[in-house]
Amino acid sequence: MQQTYLQTGQPEAGALPQAYYTTPFAYTTSEWNASQGWSAGAVVSTPEEFAVFLKALFAGQLFTQPGTLELMEQHAPAGVDALGAGTIYAHGMLDNNGVLGHGGQTLGFESDGGYVPDKDVTIVMWSNAASSNVVRTIVPQIAGVVTGAAATGQAGQAGQAALPRFEPLDKCFADPPEGLPVDLNLDCGYVVVPESRNGGSDREVKLGITRLNSGQGTANSPLFMLAGGPGQTEASPEYFSLFQPDLLGGILAERDIVVVEQRGTEHTDPFLNCPEANSALWTAYEKGLTGDDAVDYETGIIQDCIDRFKEQGLNFDNFNSVENAADVNAVREALGYDQIIYYGASYGSQLGQHVMRDFPDILEAVVLDGAATLARKSWIEDRALDAQWGIDNLTKMCEADAKRIENYDIPALVDAALALFDNGPLPYTYTDPNDPSLTIEGEVTLDDMVNFIYGNQGSLAGIAGLPSYLSALVDGGAEAVAAFLGAQKGGTIVASRTAMKGEIALLMHMAMVCSDDPVKSADELKLDGTGRYASLFGQTVADQYVQFCSLINVKELPDSTDIPVTTDVPTLLLSGDLDVATPTFRSQEVADALPDATLVVFPGRTHVQIAGANLCAGQVMTQFVLDPTATLDTSCLAEAPVVGFVLPDGSSSKDAE
């Protein structure tokens, strides 16, 4: 007769038991015991301790380096279904139909246990049977009963609920920061959708959802907010600051706000991350790799990541903007809304245009923040042109500023800064201020200078200081440039030592870009009328994406997805007049094709207005979202601050005389 001890539920948080390593994690097989002369096995820890350990391990509380758990969760192709249907045998752990854990047995005794991340539920089962199959087959069934799911496990298994479906979570992906002057009523979870809607896969994708509840339920269309990149996430404590009264807080009184994570990003499953790529700079430095050798090494890392996902059965062809747009509709359906108001930033505005084309009837209105037209067929084709526009625009601003023009000649400064590399790279030495024993020696290159200039074009503070920076570097010569850029480059290398994730989900970014706007050749880059700096920048971007698209090798979307949308949904476009990533004239191209569009341009602002905490943009957007048919009051534009430039003496050109 079998005797079984079963523990389920959510163990209390607390310190791990001192003897947690003695739990029966397959260390006590009968063979091992026999070799040691044992005639019987003993379990030192209790079921309660086992449950605490399992939750701590798979909730990411056990290891100081998140990458350790990620490495444990990786598996070889042979690990799929290795211990029965729906099981994945990884490095020291078992995914048993969605229950993460492990089991073990000794003479006359067996154990199994696991943690269900989506539900924050732990299952521990011990029995006096010696066959692991008894408990291993029961645990996932218990998980299905305890969590209220028809069945747990991977996509495509029999018994799963219809798609799309909403799976609530007890804990959100991020918490609002302390001291936020607004009380947010949140609920979070996953909307589960098919990986492919064309029958090419029976796998599922889980999309992280954070909903700020207005109290109105589904009576009013909610505001759906989607990020850029592609590959960025919105689920962060900082993002909640956007819902203060002075920004978007006024919307919450009337409409729910739903932050939707796009397939492949951090708070989705699968998360198309490549942890090794984020630390590749440091690893390449440790190996003494430079130049092409370092590039080849980093390329190999990305290829290995791609291959690993493919071995797990993932098809990157299913990660594109068309499926992404269908996900938006699926989230609407799963949450029970008739229509939505869509907001997208940067790539999110490109995605929004796909939604407008494929699902116009679900849209009450649309807000596009930092937009470019779908007519672009290559991700790189306009990069040099837009970079040149940025330098020309900065020059015009200089000419309009009496103080500024007396001190700086922008085109001449840019050319002089680039000329410092005419004799090749410049050596640098960098000592980590946090660890004086760590000193890095390397070279700064012409590309480093180009990236420095472009990076400063992307922020208001960078634009204001760029002429001063360039002037100081040119005056200081090669030695000053090597010290300045070397400190930036060395610091970046050191920081990459412990970087397990970047600002974007790299492989998701590659799949979305290379399916929608694929880059097949650097010849796609348009260079007419561009100077040396803009041409160099465009070439750097082109080389990178030619490589990316050859590695990810995804199916290209049809030409019909490159046609500008003409949907008559009320649309508000937000643009900064200093935006070098999607200059205002790019947003104007989108507006010109739409029958009911309003473009609002914000003086002294760069790329993306809402995430940049532009109060005027928040006011304008709030008006539009609350009533898309009303005439907008844009009087706050007149109060926009005048851009001032840092002068050689450290003062600002906008300071009073």
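**Buried elements and local backbone features of the predicted model**

At 15% relative accessibility, G477 counts as buried, because the cut-off for a buried residue is under 20%. The residue belongs to helix α14, which spans residues 460-495. G477 and A416 are 61 residues apart along the chain. Their C-alpha atoms are separated by 9.6 Å.

The structure is a predicted model. Its chain has 657 residues, and 51% of them are buried. The secondary structure comprises 18 helices and 18 strands. Among contacts with a separation of 6 or more, 73% join residues 24 or more positions apart. The exposed area of the chain is about 28,200 Å². Carbon and sulfur atoms supply 51% of that area.

Helix α15 covers residues 506-516 and is mostly covered. Of its 11 residues, 11 are buried. The buried set includes L506, L507, M508 and M510. It also includes H509, S515 and D516. Several helices contribute to the cover of α15. Among them are α5 (275-278), α7 (291-311) and α8 (321-335). Helices α9 (347-358) and α16 (532-552) also take part.

Strand β11 (residues 257-260) is likewise buried at each listed position. In a regular strand the side chains alternate between the two faces of the sheet. In β11, I257 and V259 point one way. V258 and V260 point the other way. Two strands pair with β11, in opposite senses. Strand β9 (residues 204-212) pairs with β11 in the antiparallel sense, over four bridges. Strand β10 (residues 223-226) pairs with β11 in the parallel sense, over three bridges. V259 has a partner in each pairing: T210 stands opposite V259, and so does M225.

Two packed helices are described by the angle between their axes and the distance between the axes. For helix α10 (residues 383-399) and helix α12 (residues 410-419), the angle is about 135°. Their axes lie 9 Å apart. Angles over 145 degrees would count as roughly antiparallel, and 65 to 115 as roughly perpendicular. The two helices α10 and α12 are therefore oblique to each other. On the α10 side, the contact involves I391, L394, T395 and C398. On the α12 side, I410, P411 and V414 meet them. By class, the contact has six nonpolar residues, one polar residue and no charged residues.

Local backbone geometry was also examined. Most residues other than glycine have a negative phi, and most peptide bonds are trans. Two cis peptide bonds are described here. One joins G229 and P230, with omega about -10°. P230 lies in the loop between β10 and β11. Another joins D269 and P270, with omega about 10°. P270 is placed in the loop between β12 (268-269) and α5. Helix α5 is also among the elements that cover α15.

Positive phi values occur at S346 and N553, neither of which is a glycine. Phi of S346 is about 55°. S346 lies in the loop between β13 (340-345) and α9. Its relative accessible area is 22%, so S346 is partly exposed. Phi of N553 is near 50°. N553 lies in the loop between α16 and β17 (571-576). At 58% relative accessibility, N553 counts as exposed, because the cut-off for an exposed residue is over 50%.

Note on methods: Residues numbered from 1 in each chain as written. Predicted model: local features only at pLDDT ≥ 70, side-chain atom pairs only at ≥ 80, totals over all residues. Heavy atoms only, no water. Buried < 20%, exposed > 50% of the residue type's maximum accessible area, 1.4 Å probe, protein only. Contact = heavy atoms within 4.5 Å. Pairing = 2+ DSSP bridges. Axes fitted to C-alpha atoms, helices over the stretch in contact; angles between N-to-C directions. Parallel < 35°, antiparallel > 145°, perpendicular 65-115°, else oblique. Nonpolar A, V, L, I, M, F, W, Y, C, P; charged D, E, K, R; others polar. Areas by Shrake-Rupley, 256 points an atom, 1.4 Å probe, with all protein chains shown as cover.
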